[in-house]
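Visitor: I would like a close look at one part of this model, the largest nonpolar core, and then at how the places around it fit into the chain as a whole. Please take it slowly and keep the account connected.

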Amino acid sequence: MLFQTPEFLVLLTTVLFALAVIRSPRPQHLMLTAASFVFYGWWDVRFLSLIVVSTVIDYAAALGMGGVKLSARERVKLSLVALAAVVVFLVPNWPALQHGHWSGNWLELIEPGWTGGWSAVAGMAVFAMLGPALYGAYFRLSETGRRKAFLVTSVAANLGLLGFFKYFNFASTSMVGLAGSLGFQIDPVVLKVALPVGISFYTFQTMSYTIDAYRGDIVPERSLLKVMLFVSYFPQLVAGPIIRPQQFMPSLDAPWVVRANQVRSGFHLALVGLCKKVLIADSVGPLADAVLADPSGQATIAIWLATAMFAVQIYCDFSGYTDIARGVSRILGVEIPLNFDFPYFSTSIIDFWRRWHISLSSWLRDYLYIPLGGNRGSVGRTYFNLMATMTLGGLWHGAAWNFVIWGMYQGALLCINRLLRAWLGRHEGVDRFLSSRPGTVLRWAVTAYFWMLGWLIFRVSNFEDLMYCLKKFVLFDGRLSGSALGLGGTQFATGLLAAAAFVVLHSMGWFGRRWGDRLDAMPRWLGPIIYGAIGMALFFGWPKTDAPFIYFQF
């Protein structure tokens, strides 16, 4: 379900009405979890089973790490819940599964003679019996061994699901290509499978729950319903921000109350996000696509313009989603952390990654970079940790080599940034200049050039096209004609107007107050005028089709 659709408005209105009527925590949790399931299942109800299975495993693992030994009856109940979810996942297309093909091209295994149906049944039976047995067996280990066993089980299950649905084909085709380069021929096994929306986001979120339980940062929750709501909370379920249990679970200890000031403030924040998505991102997107979808023959000026348009598109699309998610959650009474802090005004790559997709950056820092050793070892080890973290962060974004290259590129920039900081510490004159106003502008311009180059790598997935674009981006070819953009005059003008509006409004937010705060502070008499103007802009600027958010694919 998309935020900018009538169906979501109906869902949100229903949830608000239910919260006003229901005053007890547990019924509220049931209602909110049901609403979250409706929100996610609107796309494909079968993939709800993945969320349920992941949640059940992590719920039990966290309790095990906390020393809570569930009774045999409780363990069987959890296994039955997970088993029911797997059945929902498999049963609808059982006849097709017998032949290795799912109807509607939803899941197709290209391997002659594969009889996946009975294999799936066997796997389900093993899963149902093995879970309770493993839980009891782990308690016969030492405390350290038990905690590690539960953590490994949780991480393996989550990464296993993520890897199967998101990276199976990438790994398979990469192995075939590697074997071919070595002179061997391997028949590929390829899955034609719909990638579950937001699987990377909720996988990282539920992993943070068990990792924090292992570290002792949280007390594992005894209520499966609360953990299920934490994982599936609909405002941020499919595209973040990635929230930590400490940021959400305390809100479940008391009833949620809908308050007028929160509704007004949340509405303003969601309205800003909607305008970013509909009026800006969806308007500049065609300009970027017209060039970067097939860049061969395009001039440098066209590559530059298209990359700039994509930079505007991805920021307004992703931060717009975050604003709507934060606004909707604020309406419901729960504050979600900030995920973007004007990253395009950064004056270094380190600063950029402190401002862009903050929830992912901090997740990678806390759960990957620091456990690898962070900057506590040698300089070489620190750079290795940075490269490994950012490369895996790039791969998190998608199963394609351009995302791996993009992650390595960002890691290399962070390493160079650290080297330059160390060098500047020994050259006070240069450091003093760079701290001045002209120096700050210079640092911003250089940083902008490199994150723009990064967005080009991020956007162009075909390797030959990427090499062409990089050559044109770095080496100006002297051609000043923009006619190769291939867009009609109205569409081209609309895109440029939207990009110009973004530059002006974004700068006003940076040098003044955020637009959500501005709307909160406006006089009551001015509200109808502002709402009317925004409503007219949305009415005339609404795209013909509701484009999904870019980060849904991750």
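Guide: What follows begins with the core and then moves outward to loops, a helix and the confidence of the model. This is a predicted model, and the chain averages a pLDDT of 85, with 88% of the residues scoring at least 70. The largest nonpolar core holds 144 residues, and within this set F248, Y344, W356, W455 and Y551 touch the most other members. Helix 12, which covers residues 300-332, gives the most to this core, contributing 16 residues.

F248 is a good residue from which to start. Leaving aside residues up to four places away in sequence, F248 touches L229, F230, Y233, I243, W256 and V334. Two of these partners, F230 and I243, are also among the residues that Q236 touches. Q236 itself has its place in the loop between helix 9 and helix 10, the latter running over 245-248. Q236 counts as buried because its relative accessibility is 2%, which is under the 20% cut-off. Beyond F230 and I243, the contacts of Q236 include Q205, P241, Y321, A325 and I336, again without counting residues up to four places away in sequence.

Other loops offer a contrast to that buried position. V219 lies in the loop that joins helix 8 (199-215) to helix 9 (224-232), and at 76% relative accessibility V219 counts as exposed, because the cut-off is over 50%. The C-alpha atoms of V219 and G66 are nevertheless separated by 7.2 Å, although their positions lie 153 residues apart along the chain. L475, found in the loop between helix 19 (463-474) and helix 20 (489-511), is likewise exposed, with a relative accessible area of 54%. From L475 to T300 the C-alpha separation is 7.7 Å, while the two residues are 175 apart in sequence.

Helix 15 (residues 379-397) deserves a look of its own. Its 19 residues should span 27 Å at 1.5 Å a residue, and its end C-alpha atoms are 28 Å apart, so the expected and modelled lengths agree. The buried residues of helix 15 are T382, Y383, N385, L386, A388, T389, M390, G393, G394, W396 and H397. An α-helix has 3.6 residues a turn, so residues three or four places apart point the same way.

Two cysteines can be added to the buried residues. C316 counts as buried because its relative accessibility is 0%, and C469 is buried with a relative accessible area of 0% as well. The count of disulfides in the model comes to zero.

Seen as a whole, the chain has 22 helices and two strands, and 51% of its 554 residues count as buried. Among contacts between residues at least 6 apart in sequence, 75% join residues at least 24 apart. The chain exposes about 25,300 Å², of which carbon and sulfur atoms supply 68%.

Confidence should be kept in mind when reading any of these parts. Among the elements of the chain, helix 13 (residues 349-355) has the highest mean pLDDT, at 96, whereas strand 1 (residues 107-110) has the lowest, at 40. Over residues 94-118 the pLDDT stays under 50, and for this stretch the model has 52 contacts beyond four places in sequence.

Methods:
Residues are numbered from 1 along each chain as its sequence is written. This is a predicted model: local features need pLDDT of at least 70, side-chain atom pairs count only at pLDDT 80 or more; totals for chains, interfaces and linings use all residues. Side-chain values use heavy atoms; hydrogens and water are left out. A disulfide is a pair of cysteine sulfur atoms within 2.5 Å. Buried means under 20% relative accessible area, exposed over 50%, partly exposed in between (1.4 Å probe, protein chains only). Helices (H or I, at least four residues) and strands (E, at least two) are DSSP runs, numbered from the N terminus. The expected span of a helix is 1.5 Å times one less than its number of residues. A nonpolar core is a set of buried Ala, Val, Leu, Ile, Met, Phe, Trp, Tyr and Cys residues joined through side-chain atoms within 4.5 Å. Contact means heavy atoms within 4.5 Å. Accessible areas come from the Shrake-Rupley method with a 1.4 Å probe; for residues, only the protein chains shown count as cover. pLDDT is the predictor's confidence in each residue, from 0 to 100.
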